[in-house]
Amino acid sequence: MKIDTGKGSVTLVVLLAIWSVSAIASLPGLAVSPILGDLNKVFPKVTDLEIQMLTSLPSLLIIPFVLLSGKLSEERDKLKILIVGLLIFFLSGVACLFARSMAWLIVISCILGVGAGMVIPLSTGLIVDYFTGDSRVRQLGYSSAINNLTLVVATAVTGYLAEVNWHLPFLVYTLPGISLALSFFLRNSRSTPEPEQSIQMRHKRIDRSKLVGLMLLYFFATYAVLAIAFYASFLIDDYKIHSSFSGALISLFFLAIMLPGLFVNRIIRVLKQNVNLVSLGLVGVGLLCVGIFRDRTMLIVGALLSGFGYGVIQPIIYDKAAIIAPPRSATLALSFVMAMNYLAVMICPFIMDLFRHLFHTGSDRFPFLFNAALVFALTLVTWFRRGNFTLGLDESYYKN
């Protein structure tokens, strides 16, 4: 079976190899989440700071190695970088299964962050190399969908595994072994050079001003929707709703992010230059619903709307990041954009605490209402700047 790339075709197994890398990009930090509450029982002498380090240090290391991987991809063989990153990722996951102390878990998790950082930009970089035009936008949508679906499924699986043994959630960190095995098919099917008429070929270097605009938009959009992932559980507890509902709500949120990736091309053709305007509007309305209503149905509607809006924005930003750079620098441009996701995850709580202090409020609704106000402000700006590269959309994306 052959898959059209816009500049030729690839076999199904090559496509599966590329998709498998997209699937594991969201795994770092995942295995730890279901067992955080039990680590004090497993290791009675550990401090809360040590538990926080287990989640924060790997994320901190991911950022520089995402950028390093992007830089190395300009001059080095991307497949070699991918294999090295997958090998580090996989071996670290295996080592986590045998760790017997918190100190070793922290060290191994940091090494895992190094491997994951090397792999993450290639999860989209490979798509940019192998696909172009409409096929690329479609595959970036699929990549986003696969990434978020893996997050939902793996979180559920690790939750059950944690009930059996606290080591078992770390099994998800061995999934890069599948990508490692499939990566050898990439060696036998190298990507076709970008066509001469491609927009990428017009660039001699990365367009820095456009890159900065995309980075800022991606950081802001990620920061805005993280309110649901970070603060929904506190809000639901305040509403006296059973705590299990927060897990279901967050899972639905990630499912909503996944959904538009499956048909992002169709969404673009319907909304055209208004795609970011509508997507930001959905995010804002969703956050407002979560912040205002106590009804479970409206909370679900809010999470779905915000997730869907963000799920449209994400693959479009990735594609824009690719086309503002020559082919050899596309992965580097993507690495800068993707680093914004992890930066937003790291500093979102600090930003929110700062504004809570400035507004003298401890309300659990504040993160949703405040972020909704910020999103609506950007939506208004987008209404007037639909011709802007970052906020609008060129007709080449939706012309017949």
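These legends go with a few views of one predicted model.

**View 1. The whole chain.** Here you get 14 helices and two strands (DSSP runs numbered from the N terminus: H or I of at least four residues for helices, E of at least two for strands). The C-alpha trace spans about 60 × 50 × 35 Å along its principal axes. Of the 400 residues, 54% are buried, meaning under 20% relative accessible area with a 1.4 Å probe and protein chains only, while exposed is over 50% and partly exposed lies in between.

**View 2. Helix H13 and its bend.** H13 covers residues 330-358, 29 in total, and reaches 40 Å from first C-alpha to last, close to the expected 42 Å (1.5 Å times one less than its number of residues). At isoleucine 347 H13 bends by about 50 degrees, and proline 349 follows within four residues; the bend is the angle between axes fitted to the seven residues ending there and the seven starting there. Just past H13, histidine 360 has a positive phi of about 50 degrees.

**View 3. Helix H11 and isoleucine 292.** Zoom in on isoleucine 292, which sits in helix H11. With a relative accessible area of 41%, isoleucine 292 counts as partly exposed.

**Notes.** Residues are numbered from 1 along each chain as its sequence is written. Local features need pLDDT of at least 70 and side-chain atom pairs count only at pLDDT 80 or more, while totals for chains, interfaces and linings use all residues, and side-chain values use heavy atoms, leaving out hydrogens and water.
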